[in-house]
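Here is a short report on one protein model. It starts at a helix end and works outward to the whole chain.

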Amino acid sequence: MTENVTLKLDASLLRKCRQLAVAQDKSLSQWVTELLQRAVVEEPAYARAKKRALERLNAGFRLGGRPMLREDLHER
């Protein structure tokens, strides 16, 4: 089931959106619908990827070697 929605857009923005829709051989309604569908589908995937990346950063990375000693860092 589809429902109609009314949007208020700046005239120049609306003109550019129409041009993009025509370039993709779509109506403005189809173009906006697909744009919103992509945003809804991609948001959860982005959130999961961000969570995984932050967990990896918090865990740290093993780069090998040994920890530096204070004496080694300040050796003259």
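## Helix α2 and its end

Gly60 comes right after α2 and has a positive phi, near 85°. The model is predicted: local features need pLDDT of at least 70, side-chain atom pairs count only at pLDDT 80 or more, and totals for chains, interfaces and linings use all residues. Residues are numbered from 1 along each chain as its sequence is written, and side-chain values use heavy atoms, with hydrogens and water left out.

Helices here are DSSP runs of H or I with at least four residues, strands are runs of E with at least two, and both are numbered from the N terminus. Helix α2 covers residues 28-59, which is 32 residues. At 1.5 Å a residue it should span 46 Å, and its end C-alpha atoms are indeed 46 Å apart. The expected span is 1.5 Å times one less than the number of residues.

Helix α2 also bends, by about 30° at Glu42. A proline, Pro44, follows within four residues. The bend at a residue is the angle between axes fitted to the seven residues ending there and the seven starting there.

## Overall form

The protein has three helices and zero strands. Along the sequence the pattern reads α-α-α. The radius of gyration is 25 Å, well over the 11 Å that the globule rule gives for 76 residues, so the protein is more spread out than a compact globule. That radius is taken over C-alpha atoms, and the globule rule is 2.2 Å times the number of residues to the power 0.38. The C-alpha atoms fill a box of roughly 70 × 30 × 25 Å along the principal axes.

How much of the protein is buried? Buried residues make up 4% of the 76 residues. Buried means under 20% relative accessible area, exposed means over 50%, and partly exposed lies in between (1.4 Å probe, protein chains only). The protein exposes about 7800 Å², and carbon and sulfur atoms supply 56% of that area. Accessible areas come from the Shrake-Rupley method with a 1.4 Å probe; for residues, only the protein chains shown count as cover.

## Salt bridges

Side chains of opposite charge can pair when their charged atoms come close. A salt bridge is a side-chain nitrogen of Lys or Arg within 4 Å of a carboxyl oxygen of Asp or Glu. The structure holds two.

| Pair | Closest N and O atoms |
|---|---|
| Lys26 and Glu34 | 2.3 Å |
| Arg66 and Asp72 | 3.2 Å |

Lys26 is partly exposed at 23% relative accessible area. Its partner Glu34 is partly exposed too, at 30%. In the other pair, Arg66 is exposed at 56%, while Asp72 is partly exposed at 29%.

## Before α1 and the first loop

Val5, Leu7, Leu9 and Leu13 make a nonpolar surface patch of about 400 Å². Patches use residues with over 30% relative accessible area and no salt bridge; like charges are joined within 9 Å, nonpolar side chains (Val, Leu, Ile, Met, Phe, Trp, Tyr) within 5 Å. Leu7 sits in the segment before α1 (11-23). Its relative accessible area is 57%, so Leu7 is exposed.

Asn4 is found in that segment before α1. Asn4 is exposed at 81%. Its C-alpha atom is 9.8 Å from that of Ser29, 25 residues apart along the chain.

Asp25 lies in the loop between α1 and α2. Although not a glycine, Asp25 has a positive phi of about 55°. Asp25 is exposed, with a relative accessible area of 72%.
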